[in-house]
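Open the model in your viewer and keep the sequence panel visible. The stops below each give a selection and then what is found there.

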Amino acid sequence: MAADTGFRLIPHTADLALEAWAPGRSECIAQAVCALVASFADVDALRAGDPFTYGVEPGPDEEVLLQALEEVIYLLDVRGAVPIEVVARDRQDGGLQVDGSLAPIADEDVIGALPKAVSRHELRIAPAERGWRCHVVVDV
């Protein structure tokens with residue numbers, strides 16, 4: 001692991017894979033959200049807009065990760081915006097609270113293929129030697 005918190009994008013056949021890592025589960029999921037957005041948008045060009053918050057229902061860690069990432073695709077499709085400045089917090093019930101700013105996305109901000117879905121294939125999140133690590137395949 002290069003740093004305590006971060007992500008990387010990995011070529012994956014016709015799709016995209018991403019890995020994220022952080023000291024805790026919620027921070028790892030927040031990094032995965034940032035990685036998903038960075039896979040298709042020029043994050044440096046995006047400007048923070050309206051605040052947002054969404055909750056993810058409790059469940060197995062992989063399901064919580066999946067739901068958090070699917071919300072990004074939903075926001076892109078329905079609102080034409082993506083989350084930036086993301087902070088995620090574990091809830092007492094095992095779910096997740098995700099907060100941040102929504103940035104409207106325009107055609108000139110798109111630098112990669114837009115995500116269509118998060119695959120359950122190869123989806124994993126678990127404690128690692130130094131914190132948490134996740135791996136996700138995204139259908140583009």
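Start at strand 8 and select Val136: this residue is the bridge partner of Leu18. Helices and strands here are DSSP runs, numbered from the N terminus: helices are H or I with at least four residues, strands are E with at least two. Leu18 belongs to the pairing of strand 2 (residues 15-22) with strand 8, antiparallel and joined by seven bridges. Strands count as paired if DSSP finds at least two bridges between them.

Before moving on, note the ground rules. This is a predicted model, in which local features need pLDDT of at least 70, side-chain atom pairs count only at pLDDT 80 or more, and totals for chains, interfaces and linings use all residues. Residues are numbered from 1 along each chain as its sequence is written, and side-chain values use heavy atoms, with hydrogens and water left out.

**Colour by confidence**

Colour by pLDDT, the predictor's confidence in each residue, from 0 to 100. The average over the protein is 92, and 98% of the residues score at least 70. Of the elements, helix 1 (residues 25-38) has the highest mean pLDDT, 97, and strand 1 (residues 6-12) the lowest, 90.

**Strand 8 and its other partners**

Select residues 131-139, which make up strand 8; seven of the nine are buried. Buried means under 20% relative accessible area, exposed means over 50%, and partly exposed lies in between (1.4 Å probe, protein chains only).

Add strand 7 (residues 124-128), which pairs with strand 8 in the antiparallel sense over five bridges. Ile125 has Cys134 of strand 8 as its bridge partner. The two strands, 7 and 8, form a hairpin with two residues between them.

Next add strand 6 (residues 117-118): two bridges pair it with strand 8, again antiparallel. Ala117 is matched there with Asp139 of strand 8.

**Cysteines**

Show the cysteine sulfurs. How many disulfides does a search of the whole structure find? The result is zero, taking a disulfide as a pair of cysteine sulfur atoms within 2.5 Å. Cys28 is in no disulfide, and its nearest cysteine sulfur, in Cys134, is 3.7 Å away. Cys28 has a relative accessible area of 0% and is therefore buried. For Cys34, the closest cysteine sulfur is also that of Cys134, but at 11 Å it is too far for a bond. Cys34 counts as partly exposed because its relative accessibility is 24%.

**Ser26**

Stay in helix 1 and select Ser26. At 6% relative accessible area, Ser26 is buried. A polar atom of the Ser26 side chain lies 3.3 Å from the backbone oxygen of Ala88.

**Strands 3, 4 and 5**

Select strand 3 (residues 51-56) together with strand 5: six bridges join them, and they run antiparallel. Pro51 stands opposite Ser101 of strand 5. Then select strand 4 (residues 81-90), which pairs with strand 5 in the antiparallel sense over eight bridges. Ala81 has Pro104 in strand 5 as its bridge partner. The hairpin of strand 4 and strand 5 has five residues between the strands, and Gly94 takes a positive phi near 95° in this hairpin.

Move on to the loop between strand 5 (96-104) and strand 6 and pick Ala106. Its relative accessibility is 30%, so Ala106 counts as partly exposed. Draw a distance from the C-alpha of Ala106 to that of Leu46: the two residues are 60 apart along the chain, and the atoms are separated by 9.1 Å.

**The aromatic pair**

Rings of Phe, Tyr and Trp (its six-membered ring) pair if their centres lie within 6.5 Å; planes under 30 degrees apart count as stacked, over 60 as edge-to-face, and the rest as tilted. That rule gives one aromatic pair. Phe52 and Tyr54 form a stacked pair, with 5.7 Å centre to centre and 25° between the planes. Both Phe52 and Tyr54 are buried.

**Helix 2**

Finish with helix 2, residues 61-79. Its 19 residues should span 27 Å at 1.5 Å a residue, and the end C-alpha atoms are 27 Å apart, which agrees; the expected span is 1.5 Å times one less than the number of residues. Buried residues in helix 2 include Val64, Leu65, Ala68, Leu69, Val72 and Leu76. An α-helix has 3.6 residues a turn, so residues three or four places apart point the same way. Just after helix 2, select Gly80, which takes a positive phi of about 65°.

Note on methods
A polar contact is a pair of N or O atoms within 3.5 Å; within protein, one must be able to donate a hydrogen and the other to accept it, and residues adjacent in sequence count only if both atoms are side-chain atoms.
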